Amino acid sequence: MSDNQFYESFEELQLTRNDLDSKELVLNMGPQHPSTHGVLRVILKLDGEKVNGLECVIGYLHRGIEKVAESRTWAQFAPFVDRLDYTAAVANNFGYCLAVEKLLGLEIPKRAQYLRVILTELARIASHQVWLGTHVLDIGAVTPLFYAFRDRETILNVFEKYCGARLTTHSFRIGGCRWDAYEGFSREVLGICDDLGPRIHEYANLITGNRIWLQRTKNVGYISAADCLSYGITGPVLRASGVGLDLRKAQPYSSYEDFEFDIPTGANCDTFDRYMVRIEEMRQSIRIIRQAVEGLPEGPIIARVPKVIKPPVGEVYVSTEAPKGELGYFLVSDGTAQPYRMRVRPPSFINLQALEKMAKGGLVADVVAIIGTLDIVLGEVDR
Amino acid sequence: MKSILGYLHSNVTPGEAGNLFWVAVYVVLVFAGVSIGVIFMNWFERKVMAHMQVRIGPMRVGPHGLLQPIADALKLIIKEDLMPANADKVVFWFAPVCVVMTAFCTFIVVPFGRTHAITDMNIGVLFMLGVSSLGVLGVIMAGWASNSHYPLMGSLRSGAQMVSYEVAMCMSVVSAVMMTSMATGTGTLSMIGIVQAQMQQRTWFAFSFFPVGLVALSVFSIAMVAETNRAPFDLPEAESELVAGFLTEYSGFRWSLFFLAEYTGMMAVSSIATTLWLGGWLRPFPNLLGGRNWDLAFSLVPGLTFLALAAFCFFFYRRMPQIRSMRASAIGLAAFGCVLGLLGIIMLLPGVRERVQDIYWFISKVGFFMYLYVWGRTTFPRYRFDQLMTIGWKVLFPISLAVVILTALIGVRQELFALVWR
């Protein structure tokens, strides 16, 4: 064999070896996958277990809700927003009603404001319980899921008694509430508050100190406060990065200024801090509910609203602190009975952007943990 | 005929006696027993998990869901046998067979009692570890043959995991094997020999060289969870990441073979742990509470346990609602109680009770480990792959090495003492 031949075959060998080495494994995760929380599809580029890159594919649950708004009257559209973040339907309804009321310039009776706060905070707890159960399940612990869902049941029972529905409640109307608190409402809600304190302590006892849990969540999915702000991330994810922005405090709406509560923040910007922030938020929600129930004023529950709602020409943007982050509604009215344009600023959709940044360089198991910690709901991402 | 009946009075396993008829009988008995054990474990795991998770678990098929595993098995058998179009057909077919074969083969040397084993080998422990680690081949074959990404990743994880935890596992086994040489001066790898050594040394190896034996047992019991791919080390089939790992493309009967192999493997490693550290078939306190009366008292325990279970069944039979739709299951429960009671009475008979109690103690000790498996599964989150490797190589392996060295040092010191003192 001449030298030339030898080098040629050697080069060939090199080439095939490089080919083998450089092959990335492209793994399609979802839209049917146990832990993508619905129909999120993630295309992972893997080097062994390491994530070199990923791409989110969304739209599998797109229903065109924003377009639907243009062919419904203002009041008819309200039930649709329940289908955005279906784990906390009340919070969506709340934001939409506030936006339309601002457009109309309505003054909402105090009792209705308090009722709205109570129900929304209950929904926040329920939403966080769903998050807790599924997030912990994604990381491999089965049991907390059942505990969280058992306690969520008590909250759903209150919704059922209040308005007849458990999940997509449509409990608020433009101008106030449709129903007054039922007989024994205060007692039942206060009872839930009494129960939930120890129960939340129980979840935390099961999970917080667990060494495996700490190893799986500490320093996983790091995202700095600056990155959060540049991505527009809000909610618990932002607060866990050390920015204490909570719209309930920053621009109080619906009498939130009457209640005393703290904004829990984290410092390490990791999955564990986001867990701690959400656990603490449940406790703070209980505090708010307690104050609201005890101070529930008497009076009408709905303002005087015309039968056919025709807001004046104009546009309005109202944002509220939903369980997942800042939920905003941008409404344009052309003076008719139907919105001219409706646009939702969904917290899940915007928080999901950070997935790539947080998961890159981690392992496959971290991707699952990060999807869980972002607490996305695909109904809201896709709309 | 004479040799068949003559064996009944012998004191060795059929394999050692060279009695092929009884070997065949024992093979069938062990196979059936292990299969029933798997069926029972399926029900037991679901029930225990359910009660830990504020649920009630299977309740519909049979009284308290007792027949649920059988219904599930039937469903799996009559399911369509799916094979992916691009799968490597032969390997895909052979993988579950390989896994099940290796899992059952380990039971050849498991001593349920002095005479209750298919055979005794002078390399029994080695044989068990060797054959059970062959199971990983089947897992890798399954992942490869499925020709799909999730199974491939699952089987690669599983291969890496099983191989690395075997090291720590074997090291802790070495420490127990070294202990066998203490009283007699000659060590043994034979499963029966190891239990007899514990009898001679008047202790279970878990408690000898305190706390070295306990540490070795702990290392082994952590490594065995990883070895059998159970939570919190169930990465190869991590549901939330890899859907079902190497099982993703399997369904129906093939899937149930993997299931069978998994539980058989759990029982196999649990019986290694029982034999090596918890005195195998020996009853509790053989030396402390010796004597004829204590022997009699302990030999009554198996029968009494079954009678208690029967009483339990009758108690719940009485508590069942007296309605028509529940009648079949109520009668079933009572019949089950009758069977258990009959078994209990048979086990109380002299002649039977001495031979049966070995099996009873062995199975209860294995059952203890099985309960730990279930308990761990409901309690822990799952480790990540790199953390799993860290624990295997950087924590368990050094500890098990230290255990081996410590065992050797303590053993030599004790021998020296004995020599000088004499």
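Through how many residues does a hairpin join strand 6 of chain A to strand 7 of chain A? The hairpin joins these two strands through 2 residues. Strands here are DSSP runs of E with at least two residues, helices are runs of H or I with at least four residues, and both are numbered from the N terminus.

This is a predicted model, in which local features need pLDDT of at least 70 and side-chain atom pairs count only at pLDDT 80 or more, while totals for chains, interfaces and linings use all residues. Residues are numbered from 1 along each chain as its sequence is written, and chains are lettered from A and ligands numbered from 1 in the order in which they are written.

**Confidence**

The predictor assigns the complex an ipTM of 0.81 and a pTM of 0.85. Its confidence in each residue is the pLDDT, on a scale from 0 to 100. Chain A has an average pLDDT of 86, with 94% of the residues scoring at least 70. For chain B the mean pLDDT is 84, and 95% of the residues reach 70 or more. Within chain A, confidence is lowest in helix 1 (residues 3–21), at a mean of 54, and highest in helix 12 (residues 271–294), at 91. Where pLDDT is low, the predicted coordinates should not be read in detail.

**The sheet of strands 6, 7 and 8 in chain A**

The hairpin belongs to an open sheet of 3 strands in chain A, with the order 6-7-8 and antiparallel pairing. Two strands count as paired if DSSP finds at least two bridges between them. Strand 6 (314–322) and strand 8 (339–345) of chain A are at the edges; each has a single partner strand, so one side of each lacks a neighbour in the sheet. From one strand to the next, the twist averages 15°. Helix 4 (residues 89–104) of chain A lies across strand 6 and strand 7 of chain A, at about 150° to strand 6. Such angles run from 0 to 180 degrees between N-to-C directions, and axes are lines fitted to C-alpha atoms, for helices over the stretch in contact.

**The sheet of strands 1, 2 and 3 in chain A**

A further open sheet of 3 strands in chain A has the order 1-2-3, again with antiparallel pairing. Strand 1 (25–29) and strand 3 (50–57) of chain A form its edges, each with a single partner strand, so one side of each is without a neighbour in the sheet. Neighbouring strands of this sheet are turned by 20° against each other on average, direction ignored. Helix 15 of chain A packs on this sheet and touches strand 2 and strand 3 of chain A, its direction making about 150° with that of strand 2. Strand 2 and strand 3 of chain A form a hairpin with 2 residues between them, and Gly48(A) in the turn has a positive phi of about 70°.

The table lists strand pairs of chain A with their bridges.

| Strand pair (chain A) | Sense | Bridges | A facing residue pair |
|---|---|---|---|
| Strand 6 and strand 7 (residues 325–333) | antiparallel | 9 bridges | Gly314(A) opposite Ser333(A) |
| Strand 1 and strand 2 (residues 41–47) | antiparallel | 5 bridges | Leu25(A) opposite Leu46(A) |
| Strand 2 and strand 3 | antiparallel | 7 bridges | Asp47(A) opposite Lys50(A) |

Two other bridge partners can be added. Tyr317(A) is partnered by Phe330(A) in strand 7 of chain A, and Val26(A) by Lys45(A) in strand 2 of chain A.

**Helix packing in chain A**

Helix 15 (residues 364–374) of chain A also packs with helix 5 (residues 110–138) of chain A, at an angle of about 175° and with the axes 9 Å apart. These two helices of chain A are therefore roughly antiparallel to each other, a term for angles over 145 degrees, whereas those under 35 count as roughly parallel, 65 to 115 as roughly perpendicular and the rest as oblique. In this contact, Thr134(A), His135(A) and Asp138(A) of helix 5 meet Val368(A), Ala369(A), Gly372(A) and Thr373(A) of helix 15. Residues are in contact if their C-beta atoms, placed from the backbone, lie within 7 Å. The contact residues divide into 2 nonpolar, 4 polar and 1 charged. Ala, Val, Leu, Ile, Met, Phe, Trp, Tyr, Cys and Pro count as nonpolar, Asp, Glu, Lys and Arg as charged, and the others, Gly among them, as polar.

**Chain B and its contact with chain A**

Chain B is divided into domain 1 (2–282 + 354–421) and domain 2 (293–348), with bounds from an automatic or database domain assignment. The C-alpha centres of the two domains of chain B lie 29 Å apart. Their contact takes 7 residues from domain 1 and 8 residues from domain 2 of chain B.

The contact between the chains takes 21 residues from chain B and 26 residues from chain A. On the side of chain B, helix 11 (239–242), helix 15 (352–379) and helix 16 (385–421) are the elements giving two or more residues. The residues on that side of chain B divide into 9 nonpolar, 6 polar and 6 charged.

Methods:
Contact = placed C-beta atoms within 7 Å. pLDDT = per-residue confidence, 0-100.
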